[in-house]
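Here's a quick tour of a protein model, going from the overall layout down to a few side chains. Have a look at it first, then read on.

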Amino acid sequence: MSAGPDGLSTSGSTALRDGERSLGQLFSAATADLSSLVHDEIALAKAEIRQDVKRGVAGGASLTVAGVVALAAIPMLSFAAAYGIHALGITLGWSFLIVGGAYLLLAGLLGLLALRSFKKVEKPQRTIEGARATADVLKKAKPRPAGPQDRHGTSGR
């Protein structure tokens, strides 16, 4: 038996013509391509999720800062501000109410900033589209029709 340039036997009825690949080679190539595609899809999903986690952490940090400001600053500065407003001629009760309202307004503003950060978190859209496209291709894939050898029962069965 003589070997061709690709190392395959060129004699006998199982010889492949130039440019043709065996079923095993085709299956191996398809498996490698599918494996590569799956690995790429997973890498894309990880990258998109990592970005969304960073956005979520930023939103969480803003919300934490809002809570700390609302809780820690109110007791420390409320008295000073209320007595300062009282010095302007407003009764003490109204002075404390004005200061408390100002701090709640600040906390609300920081909460809105956190909400805006959370709304930027998105689904991994490119990953979903890629997975759908892959599924569509696999659904439409059809087996290759039997060659002349298979039709005449000489496929080795």
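Of the contacts in the protein with a separation of 6 or more, what percentage is accounted for by residues 24 or more positions apart? That figure comes to 57%. Keep in mind that this is a predicted model.

As for the overall layout, the secondary structure consists of four helices and zero strands, so reading from the N terminus you get α-α-α-α. Buried residues make up 14% of the 157 residues. The exposed surface adds up to about 12200 Å², with carbon and sulfur atoms supplying 66% of that area.

Now for the aromatics. Searching the whole structure turns up two aromatic pairs. A pair of aromatic rings is described by the distance of the centres and the angle of the planes. Here is how the pairs come out:

| Pair | Centre to centre | Angle between planes | Geometry |
|---|---|---|---|
| Phe 79 and Phe 96 | 5.5 Å | 80° | edge-to-face |
| Tyr 83 and Phe 96 | 5.8 Å | 80° | edge-to-face |

Why does the pair of Phe 79 and Phe 96 count as edge-to-face? Because its planes sit at 80°, and anything over 60 degrees goes into that class. The pair links distant parts of the chain: Phe 79 belongs to helix H1 (residues 23-87) and Phe 96 to helix H2 (residues 92-119), with their positions 17 residues apart. Tyr 83 and Phe 96 also join helix H1 to helix H2, this time 13 residues apart. Put the ring pairs together and Phe 79, Tyr 83 and Phe 96 end up linked in a cluster.

How accessible are these rings' residues? Phe 79 has 48% relative accessibility and counts as partly exposed. Tyr 83 is partly exposed too, at 47%. Phe 96 has a relative accessible area of 27%, so it is partly exposed as well, since that class runs between 20% and 50%.

Next door in sequence to Phe 96 is a residue worth a look, Ser 95, also in helix H2. Is Ser 95 buried or exposed? It's buried, with a relative accessible area of 0%, and the cut-off for buried is under 20%. Leaving aside residues up to four places away in sequence, Ser 95 touches Ala 82, Ile 85, His 86 and Ile 90. With Ala 82 there is a polar approach as well: a polar atom of the Ser 95 side chain lies 3.5 Å from the backbone oxygen of Ala 82.

Methods:
Residues numbered from 1 in each chain as written. Predicted model: local features only at pLDDT ≥ 70, side-chain atom pairs only at ≥ 80, totals over all residues. Heavy atoms only, no water. Phe/Tyr/Trp six-rings, centres within 6.5 Å; stacked < 30°, edge-to-face > 60°. Helix = DSSP H or I, 4+ residues; strand = E, 2+ residues; numbered from the N terminus. Buried < 20%, exposed > 50% of the residue type's maximum accessible area, 1.4 Å probe, protein only. Polar contact = N/O pair within 3.5 Å; in protein donor to acceptor, adjacent residues only side chain to side chain. Contact = heavy atoms within 4.5 Å. Areas by Shrake-Rupley, 256 points an atom, 1.4 Å probe, with all protein chains shown as cover.
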